[in-house]
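Me: I'm new to this one, and I'd like to know how its labels are earned. Could you take me through them step by step?

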Amino acid sequence: MDSIHIQGGVALQGKVRIQGSKNAALPVLAATLLTGDGSLIRNCPRIADVYAMVSLLKELGCSVYWQEKGLFIDSSTVRREEICSDAVTGMRSSLCLLGALIGRCGEVVMEHPGGCVIGRRPIDLHLTALEQMGVEFREKGAKLLAKADRLCGAHIILPFPSVGATENVVLAAVLAEGDTVLEGAALEPEIAALCQYLQCCGAEIDGVGTGQLVIRSGRKLYGTEFAIPADRIVAGTYLFGCIGAGGSVFLEDAPWEDMGAVLELAEHMGGRLYTSQEGVYVQAPNRPLAVDCIRTAPHPGFPTDLQSVALSVAAVAEGQSMIRETIFENRFRVVEDLRRMGARIEEQGVDVVRVHGVSKLHSAEVEARELRGGAALVVAGLMAQGETVVTGCQYINRGYENICRDFRELGARVTSA
Ligand code: EPZ
């Protein structure tokens, strides 16, 4: 799929099931390395980042294959510490292999995980935390070498609730000698999912869901069967797609308990939401309302991964909105493409934009430059008059199983070419 074609101006109607969470699946797949056993991961999303992780696990010697019920990984045959593959340099999410391989093998050689268009993506918090557990790091050209003769539990305080750093500490700590206390841990639901998988494997972790995790040592881990939770960012994408395009939709399996800030913003924009055990029913306003300030923040704040999608909807809202991005330093790349569709957006410094809502966007040929900006352009196409063409779909495929199929199930006129 190279491009997505959207005939905009169609109100959404219908129901769609929300896929498994990319950002929960990736650390769980890395964690299977710690068991030296077989695990069946159900509801694992079939997306490019998962396929890349699967190829890395195979490169390490795991046997991995898709079954009817999910993805089966047997890590009893892991033979190599060196991950030396394009997937690593191009994929940030492989960084969680660092903690898992340190835990399993005591050493790892990997390409420095690259940054991306949304930011430099430094890893200082990961390195500082793991050094406290006895890991020594060296750089050799573009490679990162890590080695721990003895991996020891430690009392670690994260100065910022980094999702990835939290995951790497948990992954390294479960097989370390001695307990680990992690303060300032990230609160994103994906951390809880990782801890729950590890608990199913036999790990003892206290404080799950809080900012202080205690990972007990000395537990033998075994393979298990585990279901990946639904993706809150995919659910939020479709929810705001309806708020902007109009209509009413049902998002089956949407993890609304983990979407408080998202539901709150959707209601501020005029949406009416009805939650149930099965998911979320969304009724859109005739036209979205502007919001004084949308500010991204670590969970439970408004997620940075939905900032671009919210920006698309604010572009057609009644009134002026301001959006402040506090997590990544370059997450307004989508602005130039939204302007080509008629959006009136003023950049005020590097982390704030002011949006003057227009009644209609018009179609254009636009380009996705990263995952969530790409999704935001598809949402903008739903609201625009005429046919919008979104290229650069390889970015969107990293996180969405099939955004065209899903929006078609909601009544949108979307095709891929
Ligand atoms: C995870 O990235 C997610 N990726 C991101 O989703 C998400 O946007 C982010 O968490 C925040 O929620 C995965 O889970 C695979 P961080 P991560 O470490 O772990 C700075 C998507 O679209 N930082 O919480 O990289 C960093 O530069 C992706 O699905 C350091 O300075 O996020 C950023 O400004 C995009 N030093 C901030 O912290 C470090 O050592 C948040 O980073 C680590 C991070």
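Me: Which element gives the most to the shell around the ligand?

Reply: Helix α5 does, with three residues. Do keep in mind that this is a predicted model. Other elements that give two or more residues to that shell include α1 (22-31) and α12 (371-383).

Me: What makes a residue part of the surroundings of the ligand?

Reply: One of its heavy atoms has to lie within 4 Å of the ligand. In this model 23 residues surround the ligand, and Asp124, Leu125, Ser162, Asp305 and Ile327 are the closest. The shell divides into nine nonpolar, six polar and eight charged residues.

Me: Why is the pair between lysine 22 and the ligand called a polar contact?

Reply: A polar side-chain atom of lysine 22 lies 2.9 Å from an oxygen atom of the ligand. The cut-off for a pair of N or O atoms is 3.5 Å, so this pair qualifies. Proline 122 qualifies too, because a backbone N or O atom there lies 3.4 Å from a ligand oxygen atom. For isoleucine 327, the distance from a backbone N or O atom to an oxygen atom of the ligand is 2.5 Å. The protein covers 87% of the 820 Å² of accessible area that the ligand has on its own.

Me: How do you know that β16 and β17 pair?

Reply: Pairing takes at least two bridges, and these strands have five, so they count as paired, in the antiparallel sense. Tyrosine 274 stands opposite tyrosine 281 in β17. The two strands form a hairpin, with two residues between them.

Methods:
Residues are numbered from 1 along each chain as its sequence is written. This is a predicted model: local features need pLDDT of at least 70, side-chain atom pairs count only at pLDDT 80 or more; totals for chains, interfaces and linings use all residues. Side-chain values use heavy atoms; hydrogens and water are left out. Helices (H or I, at least four residues) and strands (E, at least two) are DSSP runs, numbered from the N terminus. A polar contact is a pair of N or O atoms within 3.5 Å; within protein, one must be able to donate a hydrogen and the other to accept it, and residues adjacent in sequence count only if both atoms are side-chain atoms. Accessible areas come from the Shrake-Rupley method with a 1.4 Å probe; for residues, only the protein chains shown count as cover. Ala, Val, Leu, Ile, Met, Phe, Trp, Tyr, Cys and Pro count as nonpolar, Asp, Glu, Lys and Arg as charged, and the others, Gly among them, as polar.
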